[in-house]
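Take a look at the chain below. The report starts with one helix and then widens to the fold.

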Amino acid sequence: MAKVKKKAVLEVKIEETAFPNMGVAYIDGHEIRVKNALPGQKVKTYLSRKRKNYYKGKLLEVLERSPLEKEVQCPHYEKCGGCSQQSIEYQLQIDNKAKQVQKLLDNFGIEDYQFLGIEPSPDIFEYRNKMEFSFGDLEKGGELQLGMHPRGRRFDIISVDSCCLVDNDFRLILTTVLNYFREQGFKKYHVQSREGYLRNLVVRKGLNTGEILVNLVTTSQIDHDPVELSKRLEKLDYKGELVGFIQTINDDFSDAVKCDELIVHYGREYYYEELLGLKFKVKPFSFFQPNTSGAEKLYSIVKEFLGDADDKLVYDLYCGTGSIGQIVASNAKEVVGIEIVEEAVEMAKENAELNGLDNCRFIAGDVLEKIDKLAKKPDLIITDPPRAGIHPKALPKIIDFACDEMVYVSCNPRTLAPNLKEFQDAGYLVEKVKCVDMFPHTAHVETVVRLFKIK
């Protein structure tokens with residue numbers, strides 16, 4: 001066997017997993033982490049990097065399947081990069097996620113907490129309410145594709161017209177749009193040459209309301225009116241209802257979906273969704289939890305962890321469109337939310353009015369700066385930061401409130417753990433932790449934590 005060193009190609013047996021979605025092997029006392037490798041697999045890996053305590057390996061080939069693997073439901077699974085764990089039984093998937101989170105917390109010295117395991121997603125297929133598909137090709141100059149990046153090939157696209165993460169309405173729309181543009185002979189936008197027309201197709205659906213919003217993202221390089229495409233979309237046999245077909249003009253050089261101009265070709269530019277008895281208006285660029293039934297589980301756990309909010313002042317930090325704060329607002333004296341994305345704050349205000357909640361106030365700006373303007377000490381704090389976690393300079397300011405109770409909602413356990421360690425060192429007890437699986441068949445996991453100030 002080749003020596004363990006950077007740039008070596010090795011055959012290894014995966015023994016366990018580490019967050020996020022890393023298969024772990026051991027050779028001669030060296031730890032090797034291989035992304036997307038599963039426990040029990042024998043794989044060929046290229047050691048691309050040397051870290052302090054381990055080597056990072058690139059998966060080249062699966063030489064032997066894991067005894068844990070089974071037949072998959074999705075025909076795209078072997079090539080598509082959207083899922084990474086569908087070949088593993090769902091219970092094993094979530095058990096692994098829970099173990100990975102607990103191990104991260106333990107390794108950071110989080111003490112004396114009650115670990116409540118993981119809440120499974122109510123639906124493990126057809127659970128997504130939003131998909132951002134990309135236009136592209138599988139080979140240079142090849143046939144137009146619309147879908148996802150193949151695993152390990154970030155410049156290529158594979159069509160996913162049978163994707164199992166979304167319902168048939170999404171699949172109908174993808175197939176219709178792809179066929180239309182193949183017939184018309186339109187080309188994808190090429191990031192390097194900065195030429196081309198087609199960029200993305202974003203489909204959003206209220207899974208509880210059935211309302212569907214289709215957003216075609218293009219450049220302005222061709223003056224094309226998709227009136228025929230609009231007619232085709234309107235005539236499809238949906239399980240839900242098409243309420244809007246819009247076009248976003250995006251001439252930005254990056255891959256991100258940005259809006260230079262928005263054109264409504266049919267209906268309206270928003271849809272409605274319902275969660276736990278509340279109604280939410282969702283616009284094209286509003287954040288909304290991608291798993292509707294999972295979000296109801298997540299928010300119910302947050303509400304349970306908050307306990308008695310009667311007549312209490314609640315600060316909702318990194319509040320997004322304010323969905324968590326509004327769900328707890330019925331029992332609270334007042335909810336004050338802070339969010340840096342201005343459009344999200346406008347939607348939070350509009351949705352609070354839509355739901356008749358006059359005790360919610362939302363502030364646009366960075367938590368790091370706006371928190372200084374909050375004069376009153378809160379009774380409860382909810383914080384739901386982005387993947388990077390709480391800003392290092394904002395965290396001491398949150399601690400200085402000396403709030404008795406907090407609930408931390410995290411989408412990234414790797415930033416959650418060091419944040420919790422700082423709270424613990426500042427005199428907070430991490431009382432209980434519960435994971436929620438919002439993204440079956442992927443490595444992602446949400447975690448809800450209840451903390452209280454030690455008197």
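## Helix α1 and its cover

The buried residues of α1 are Tyr90, Gln93, Ile94, Lys97, Ala98, Gln100, Val101, Leu104 and Leu105. Their arc around the axis is only 160°, which puts them on the same side of α1. That arc is taken from the directions from the helix axis to the C-beta atoms. Buried means under 20% relative accessible area, exposed over 50%, and partly exposed in between, with a 1.4 Å probe and protein chains only.

This is a predicted model: local features need pLDDT of at least 70, side-chain atom pairs count only at pLDDT 80 or more, and totals for chains, interfaces and linings use all residues. Residues are numbered from 1 along each chain as its sequence is written, and side-chain values use heavy atoms, with hydrogens and water left out.

The face of α1 turned away from the buried side carries exposed Lys99 and Asn107. Cover for the buried residues includes β2 (16-18), β7 (114-119), α9 (413-425), β22 (428-436) and β23 (446-453). Contact here means heavy atoms within 4.5 Å. Helices (H or I, at least four residues) and strands (E, at least two) are DSSP runs, numbered from the N terminus. Just after α1, Gly109 takes a positive phi of about 80°.

## Helix α6

In α6, the buried residues are Ala344, Val345, Met347, Ala348, Asn351 and Ala352. Down the axis of α6 they fall within an arc of 160°, so they line one face of the helix. Glu342 and Glu353 are exposed on the other side. The cover of the buried residues of α6 includes β16 (278-282), α5 (323-329), β18 (334-339) and β19 (360-364). Gly356, just after α6, has a positive phi of about 65°.

Both helices can be checked for length. The expected span is 1.5 Å times one less than the number of residues.

| Helix | Residues | Expected span | End C-alpha separation |
|---|---|---|---|
| α1 (90-107) | 18 residues | 26 Å | 26 Å |
| α6 (342-354) | 13 residues | 18 Å | 18 Å |

For α1, expected span and end separation agree. They agree for α6 too.

## Aromatic pairs

How many aromatic pairs does a search of the whole structure find? It finds eight. One of them is Tyr315 with Phe401, edge-to-face, at 5.5 Å centre to centre and 70° between the planes. The pair links distant parts of the chain, 86 residues apart: Tyr315 sits in strand β17 (residues 313-317), Phe401 in the loop between α8 (394-400) and β21 (405-410). Both Tyr315 and Phe401 are buried. Rings of Phe, Tyr and Trp (its six-membered ring) pair if their centres lie within 6.5 Å; planes under 30 degrees apart count as stacked, over 60 as edge-to-face and the rest as tilted. Ring pairs also join Phe135, Tyr180, Phe181, Phe186 and Tyr197 into a cluster.

## The chain as a whole

The chain has nine helices and 23 strands. Its C-alpha atoms fill a box of roughly 70 × 65 × 35 Å along the principal axes. With 455 residues, a compact globule would have a radius of gyration near 23 Å, and the chain has 23 Å, which agrees. That radius is taken over C-alpha atoms; the globule rule is 2.2 Å times the number of residues to the power 0.38. Buried residues make up 54% of the 455. Among contacts between residues at least 6 apart in sequence, 63% join residues at least 24 apart.
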